[in-house]
Each structure stands twice: as C-alpha cells, then as structure tokens.
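User: I'd like a close look at one part of this model, the place where chain A meets chain B. Could you walk me through it, along with whatever sits around it?

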Amino acid sequence: MASKTPTISDPRVSLPGLDLKNPIMTASGTFGYGLEYASFGKLEDLGAIVVKGLSLKPRAGNTMPRIAETPCGMLNAIGLQNIGVERFLEEKLPALPHDTTPVIANLYACDAAEFGELAAALAADERMGALEVNVSCPNVAAGGQAFGQDPKQAAAVTRAVKDAAGDKPVMVKLSPNVADITTVAKAVADAGADMLTCINTLLGMAVDLKTRRPRLANVVGGLSGPAIKPVALRCVWQVCQAVDIPVIGVGGISNATDVLEFILAGAHAVQIGTANFMRPDTVFSIVNELPILMNGYGVMTLDDLRGTLET
Amino acid sequence: MPFGQTSTGVTHCFALRLEDPGWSHWRPGQFVMVRHPSFGLELIWGRAFSISRLVSSGLSLFIQAQGRGSERLSAANPGDKVTVWGPLGNGFAIQDKRTLMLAGGVGIAPFLAYAENHPTPHKLELIFGHRLPLETYPFDNAKTLVPEMTVSSFHERSPEDLPVFLEMVDEAIMNHATSGLVLACGPTPFLRAVKQMAAKHGAMAQLSLENKMGCGVGACLGCVIKDTKGENVQVCSKGPVFWSHKIEL
C-alpha cells in the first residue's frame with residue numbers, strides 16, 4: 001500500500017522584526033505582566049506576550065469601581081495602573097520567556113516627547129521584542145485616545161517612538177472611536193509604524209437603575225469582549241485595505257475560528273484579551289486548536305488564507 | 001442543593017458540590033472562580049466563591065443566589081460540568097492561639113474549612129450574625145464537624161438588632177485583643193466595623209474581602225483596594241485575606 005505523508009498546517013507568521021511560532025498574542029491589559037497566567041499554560045507556546053500598558057512612572061489608575069459586566073462584554077476604566085517601566089524591566093521581564101517568545105511592551109505617555117523617552121528606555125533592553133504604542137486608551141484624562149483620534153498627533157507620537165526605538169519593531173494600537181479609522185491608520189503608517197493593532201476598546205457606559213448611578217466611577221469606560229468582535233473585524237478589514245503594513249487584529253476573539261476569520265479579513269496575527277477572563281487557559285487552548293482548525297479547512301499556512309475574503 | 005429559601009423565594013442559599021479537584025496545596029480562606037456553561041458569551045467573568053470545604057469526597061461551595069451568575073449556578077443540575085480555577089488568593093493565617101472567627105451571612109463559608117483544618121480547634125470561637133433563618137446556612141455543619149470549638153449565632157431580624165450584634169462582636173474582639181487572633185468574613189460594612197474595633201482594642205485581625213473580579217488571578221486590576229501606603233492592590237491575588245491594619249476600607 002502506498003503511504004501518504006500527512007500534511008500538517010503551519011501556523012507560523014512572519015512580522016517585521018518578529019518571527020512568531022503562531023499568530024496568537026495576548027492583548028495588553030488583559031494578561032497582567034504574563035506571570036499571572038503562567039500556571040494555566042506554557043507562556044513559551046504563545047506567539048507573543050503583550051504586557052500591561054507601561055508608563056515612565058508607576059500609575060495608580062482610576063478609582064473603583066472600574067470594571068462592569070455587560071451582555072457579551074465588559075467595561076473597564078482601569079486607567080493604566082502599572083508599576084512603571086523601571087520595575088517592569090527589573091522584576092517582571094527577567095521571569096518571562098523572552099528568549100523564545102517575544103515580549104511586547106505597550107506604552108502610554110502624556111506627550112510625544114515622553115513617549116520617546118519611554119520607548120528609549122524599553123528599546124535599550126535587548127530582551128524586548130517590540131513596542132506597542134497606546135494612542136487609544138479611553139480611560140485616561142491626559143492624552144489617551146485623543147492622540148489616536150487626531151491623525152497628526154498619532155503620527156507625531158509614532159515618529160517619536162520610532163526615532164527612539166532603534167531596531168525594535170513598533171506597532172501602534174488604534175482606537176475605533178473615530179469616524180474613519182483608515183485616516184489615522186494611514187497617518188501612522190506614513191509616520192513609520194511597522195505594524196498596526198486594531199482595535200482598542202469601544203467607549204461605552206453602563207448604569208444602575210437601583211442606585212441611579214453609573215456602574216463605573218469614571219462613568220465611561222472601554223467595552224471589550226465578544227460584543228465588539230463585529231466592529232473589530234470591520235476595522236481590521238478596512239485598515240487592511242488602506243495600508244500595506246501588517247495588522248494585528250484584536251477585539252472579541254475567543255476561539256480558533258475567530259482567529260481564522262480575522263486572518264481571512266487580512267490580519268497577520270491576533271491578540272486575545274477578555275476571553276482570558278472567561279477561561280484563564282483560553283489563549284493556550286487557541287494555540288493548540290489553531291493548526292487543527294487550519295488543517296480542517298485545508299489551510300496549510302496563514303499566508304494562504306490571509307486577506308482572501310471575497311467581497 | 002438548597003440549604004433554605006426565604007418565603008419570597010427571591011433570595012436563597014445553596015451548596016454547590018464539585019468533584020475533588022485533587023489540589024494538594026490549598027489553604028482555608030482561598031477561593032475559586034466558577035463558570036457554568038449557561039454563562040455562555042453573555043456573562044464574561046467567572047464568579048468567585050470561598051472554598052467552604054475541600055475533602056476527598058469533593059469541593060463544597062456555599063453560595064447566596066443574588067446576581068446573574070450565582071442565580072444561574074443555583075439552577076445547575078447534578079452532573080453539569082462547570083469550569084473551575086483555583087485555589088486562588090492567600091487564605092487565613094493559622095496560628096496556635098485563641099482565634100475568634102466573625103462571620104456575617106454567607107461569610108460563614110470559609111470558616112468551615114478553617115475550623116476543620118486547625119491544629120487546635122478547641123481554641124476557636126465562631127460568632128455568626130445572619131439575617132436569613134439560621135437553617136439557611138451551614139451553621140450546624142460547623143458545630144458537627146468541629147465540636148471542640150465554641151459557636152454562637154445572632155439572628156438580626158430588624159435594623160434595631162444590629163447595634164446589639166455589634167456590641168457582642170466588640171466585646172469578643174476585646175477579649176481576643178491581647179494574645180488572640182481575629183478573623184472576619186462578611187459584608188463590607190461589617191468588615192469595616194470589625195476593622196475599627198480591632199484598631200480600638202489593638203487586636204490582630206484578618207479580613208476576607210469580597211469584590212467584583214474579572215479574572216481572579218491578578219491580571220485585570222478590576223478588584224483593587226487601597227493599602228495603607230495608598231497603593232492599589234488586587235483583592236484576588238494579594239488577598240482576599242488582608243491584615244486589617246494594612247488596608248483602607
């Protein structure tokens with residue numbers, strides 16, 4: 001009997017400055033500094049680890065309550081509480097499997113110059129894989145998504161980070177809270193971004209009829225979870241039509257099928273966020289399921305599927 | 001399995017018994033996150049519950065159905081598969097000294113395991129304040145499982161009863177102030193009162209806090225409280241048990 005060599009789907013993906021064993025990243029703000037989830041799976045199995053947004057100095061974040069559960073989603077107004085770049089580099093980064101899985105820092109600062117300073121501090125550490133610029137946080141008073149809503153400011157921040165980042169790849173995380181996301185995407189791409197992350201949370205709110213108060217102390221917050229997947233998919237598709245740099249899709253992805261849908265819409269890789277709260281091993285499960293699902297659809301490599309959506 | 005139900009049927013408590021998860025290391029006062037398949041995509045978070053008992057026959061949780069998640073869990077059927085992650089958090093200190101356990105309502109849950117696992121249970125005293133009928137809670141279990149400990153209960157039938165209960169708690173804390181340990185679990189206003197009384201009498205006290213939790217593992221930062229240094233600390237991973245003099249409440 002003639003033997004047949006079984007075909008095995010290959011989930012590897014190549015990004016500017018990063019070769020990933022699979023396209024599955026964690027989403028900033030949902031995976032702590034990585035170590036919080038180390039007992040639920042092998043961190044080294046992940047495509048990349050994007051850690052909690054970092055600022056130059058530690059930040060306390062917003063007042064409580066700062067999370068609220070809504071149908072198929074959650075609102076957060078954490079306000080970028082973090083331990084600051086110095087403590088991150090000293091205490092957290094050494095414990096992450098940075099030699100086998102790229103660690104990507106998410107950056108937040110109040111102006112372009114501070115973004116540059118932060119980027120320089122992170123890029124100077126050879127253990128950093130890439131930088132993700134947060135110009136889209138809806139939960140901070142200064143800067144935040146205001147940077148990401150103005151193409152000029154977004155471009156200025158991107159240039160400042162690129163100038164300071166040396167050879168580290170720079171991705172910019174875009175806000176969906178704009179009239180036309182492609183305008184900002186183009187401005188950021190023209191300013192030198194290597195990749196784009198689409199999307200950050202959608203601005204939302206929830207109220208409590210019993211107390212007649214907002215459910216978040218901040219009144220408004222960022223909506224994430226399965227509820228926003230159609231918006232994220234739309235944004236990824238639109239941005240992929242508008243720019244030539246790789247797009248990382250994020251928003252409501254909770255299984256391997258969702259991942260392939262985002263790849264089909266044009267994404268190079270994806271980030272898993274709120275779904276990790278639903279089950280803390282979600283991101284690891286998706287890593288395992290993806291090649292099997294690819295095989296089931298006859299997809300040998302993600303390049304074969306990427307952007308092949310027929311419209 | 002319902003422990004009891006109010007006449008209105010709106011609020012009820014029940015025990016959820018799960019297969020033994022085989023955890024070799026856990027401490028009384030730790031908690032688990034639970035998701036039932038009926039949560040689907042609609043209820044994003046797991047729900048946090050203190051470990052009530054963990055023995056070879058299984059893991060028991062004591063739950064008051066008062067929100068969307070706990071209500072769905074109350075409708076679970078025998079044989080349903082639930083997702084559980086734990087044991088989470090830090091747990092209560094276990095010391096060989098007179099220990100006063102102060103439980104308010106469903107806050108009685110962790111003290112069953114605590115008493116069962118204490119090396120000198122005759123040094124334990126449990127004071128239990130409750131608003132629902134006593135048979136609603138696993139109070140008799142506590143007496144049966146650990147007959148050596150001293151137990152007393154107080155049924156708060158009206159708001160006027162509260163000062164009487166708090167006076168009882170205050171006196172008990174005062175009696176444990178010099179060489180004992182005070183532990184408390186229950187509603188936040190109750191814990192706040194215990195914290196104030198412990199400070200007044202100079203008692204060493206641990207409080208088990210409850211808060212909305214997105215992840216249960218310290219990642220989402222949605223459950224923080226302020227410590228006395230003014231820093232936000234996660235209730236799920238830095239607690240849920242805190243020394244009362246180290247947190248703001």
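Analyst: Here is a walk through the contact, followed by the cavity and some backbone details. First, the ground rules: this is a predicted model, where local features need pLDDT of at least 70 and side-chain atom pairs count only at pLDDT 80 or more, while totals for chains, interfaces and linings use all residues. Residues are numbered from 1 along each chain as its sequence is written, chains are lettered from A and ligands numbered from 1 in the order in which they are written, and side-chain values use heavy atoms, with hydrogens and water left out.

Chain A brings 29 residues to the contact and chain B brings 27 residues, with contact meaning heavy atoms within 4.5 Å. The size of an interface is often given as the accessible area lost when the parts come together. Here the two chains bury about 2,300 Å² between them, and 63% of that is on carbon and sulfur atoms; buried area is the accessible area (1.4 Å probe) lost when two parts are put together, summed over both. On the chain A side, Ile67(A), Glu69(A) and Met278(A) lose the most area to chain B, together 30% of what that side buries.

Now the polar side of things. Between chain A and chain B there are 10 residue pairs in polar contact, both residues at pLDDT 80 or more. A polar contact is a pair of N or O atoms within 3.5 Å; within protein, one must be able to donate a hydrogen and the other to accept it, and residues adjacent in sequence count only if both atoms are side-chain atoms. As for which elements do the touching, β5 (67–70), β6 (73–76) and α8 (275–278) of chain A each supply at least two residues of the side facing chain B. The largest share, four residues, comes from β5(A). By type, that side of chain A divides into 15 nonpolar, nine polar and five charged residues. Helices (H or I, at least four residues) and strands (E, at least two) are DSSP runs, numbered from the N terminus. For the residue classes, Ala, Val, Leu, Ile, Met, Phe, Trp, Tyr, Cys and Pro count as nonpolar, Asp, Glu, Lys and Arg as charged, and the others, Gly among them, as polar.

Two salt bridges run between chain A and chain B, out of 18 over all chains; the rule is a side-chain nitrogen of Lys or Arg within 4 Å of a carboxyl oxygen of Asp or Glu. One of them pairs Glu69(A) with Arg68(B), the closest N and O atoms being 3.4 Å apart. Glu69(A) lies in strand β5 of chain A and Arg68(B) in helix α1 (residues 68–74) of chain B, so the pair joins two chains.

What about empty space? The structure holds one cavity of 30 Å³ or more, with about 490 Å³ of space in it. A cavity is a set of points on a 1 Å grid over the protein atoms alone where a 1.4 Å probe fits but cannot get out, and lining residues have an atom within 4 Å of a point; points are joined across faces, edges and corners, and the volume is the space filled by probe spheres set on them. The lining has 38 residues, with Ser28(A), Thr30(A), Asn76(A), Asn200(A) and Thr201(A) nearest the centre. α8(A) gives the largest share of that lining, three residues.

Lastly, the backbone: Met64(A) and Pro65(A) are joined by a cis peptide bond, omega about -5°, with Pro65(A) in the loop between β4 (49–50) and β5 of chain A.

Methods. 1 Å grid on protein atoms, 1.4 Å probe; cavity = no way out; pocket = protein on both sides within 12 Å on 5 of 7 lines; lining within 4 Å.
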